[in-house]
Amino acid sequence: MIFKKGNKMVLTVRGSLFILAILPFFIIAALHFDPLGVFIIGNSLVLTVILIDFNNTPGSQEIIINRDIEDVWQLRQQRVFIKITNDSLLDIVGACRDTPPNGFAEAPLLSWYVPAGQEKLSEYEILPKQRGAHEFGAIFVEVLSPWGLVKRTWKVEETGQVEVIPDLLFLQKMRGITSLLQSDSMYSKHRVLRAGTDFSQVREYVVGDEQKRINWRVSAKNNKLYSNVFEVEKNQIIWLVLDAGRRMLIHTDGKRAFEHGISAVLALTQAAIDNGDQVGLIIAADTIQKVIHPRSGKQQLSTVLQALAASQPMRKETNYLNVAKYLGVHMRKRGMVCVVSEIGGIVNDSWTWRAFTNLRKMHLVLLLAIESQGTLKWINRWPNDLESIFNKAAALLRRGQHKNMVANLLRSGVEVVSVEAGKLASASVHAYFEVKERV
């Protein structure tokens, strides 16, 4: 039954019991009087009572519903606030259900009691499923009538947009890892013996120092050996290449490989910027989708984040030759190229091998390969039927092809780190510090 302004009437359980309770009286009356007259009078009486109750129920003019959300969300649990304003003269009992964007979990039913002339703030939590721009739909509202016989329901067209970006909480953890790697004594010693070209200071010779690091002038002046300390060069050029091809669409360790790749790129960007380097980004599929030229400073992390938030993988094969050609033109100074890809994207691909080896002629190339959780699962599982035997054989074949490809890349001087998706971000930061000194 539809009323003005889109308000609808819904019979409650109490309303149904009310009708059932008076029904025997009408049946008895119909046996002693005119059945048709009893039927008409009885229905009119019931309908009148229900309509009076419904008309006394505050509606969309008196009950104001608003949604309050942040403009930008991260890929973790987020809070949505629903504000109920009761401008009527009656206390109200009601409920509402929000309409989250497509692909999100269903919103819970929020029940509330709001005294006359007051406000109530209800909230619920929801987990965004995908990055990008998303739009909320209408809010469905129901208010219980004063006698509880019916509910007044209506829909509030309270649309709202939210921009979902990657989860940044893990960057705090990554920053802690970066600090440990920078200050670790073993790393500092390794840096003194092998790395860098920037002179830092002179210190007393210790066993294990290379002879070429000895400062003979200072040693002669003080009548004992001193060694030069060299730090890893700052302000180096680090290009990050994120694969946005079809291989990154696979789901592994709870989400798409592309999402794991985004986490690794953000962790690497933060580590490199904190270490004083310039970071650039290329997002590539069959063509180059996005380029951010190398810069240093905290603003660059925000720029990279915005580019990643707006990017999605494509059902196209990634052409690394395009990336190699672009870097060949725009990367004149020796630096580091870090490529983040799913493990299948480099298997048995001579064009990929050619692209990486071309880059390796001038730059240090680091390949961060995401290992599929499904492949690892089948390799470690004992087969017990024909299907599982086939799946394990396919996984072993895939692993064998990958090992051959990795061996070829290693022989050509490309650094390769294969890691499970969930460990990719931290492994990327460790690999960055391990190979950076050789740039």
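This short report looks at model confidence, a surface patch and a buried strand.

**Confidence**

The structure is a predicted model, and its chain has an average pLDDT of 82, with 87% of the residues scoring at least 70. Element by element, strand S6 (residues 109-114) comes out with the highest mean pLDDT, 96, while helix H4 (residues 185-194) has the lowest, 41. Two stretches deserve a careful eye. Residues 1-5 stay under a pLDDT of 50, and the model gives them eleven contacts beyond four places in sequence. Residues 185-197 are also below 50, yet this stretch has 38 contacts in the model beyond near neighbours in sequence.

**A nonpolar patch on the surface**

Which residues form a nonpolar patch on the surface? They are Val 13, Leu 17, Leu 20, Leu 23, Ile 27 and Leu 31, and together they offer about 640 Å² of accessible area. Val 13 belongs to helix H1 (residues 13-32). With a relative accessible area of 63%, Val 13 counts as exposed, because exposed means over 50%.

**Strand S20 and its partners**

Now for a covered element: in strand S20 (residues 364-371), eight of the eight residues are buried. One side carries Leu 364, Leu 366, Leu 368 and Ile 370, the other Val 365, Leu 367, Ala 369 and Glu 371, and both faces are covered. S20 pairs with two strands, listed here.

| Partner of S20 | Sense | Bridges |
|---|---|---|
| S19 (residues 336-342) | parallel | seven bridges |
| S21 (residues 415-420) | parallel | six bridges |

Leu 368 of S20 ties this picture together: Val 340 stands opposite Leu 368, and Leu 368 in turn stands opposite Val 417 in S21.

Note on methods. Residues numbered from 1 in each chain as written. Predicted model: local features only at pLDDT ≥ 70, side-chain atom pairs only at ≥ 80, totals over all residues. Heavy atoms only, no water. pLDDT = per-residue confidence, 0-100. Helix = DSSP H or I, 4+ residues; strand = E, 2+ residues; numbered from the N terminus. Contact = heavy atoms within 4.5 Å. Patch = residues over 30% accessible without salt bridge, like charges linked within 9 Å, V, L, I, M, F, W, Y side chains within 5 Å. Areas by Shrake-Rupley, 256 points an atom, 1.4 Å probe, with all protein chains shown as cover. Salt bridge = Lys/Arg side-chain N within 4 Å of Asp/Glu carboxyl O. Buried < 20%, exposed > 50% of the residue type's maximum accessible area, 1.4 Å probe, protein only. Pairing = 2+ DSSP bridges.
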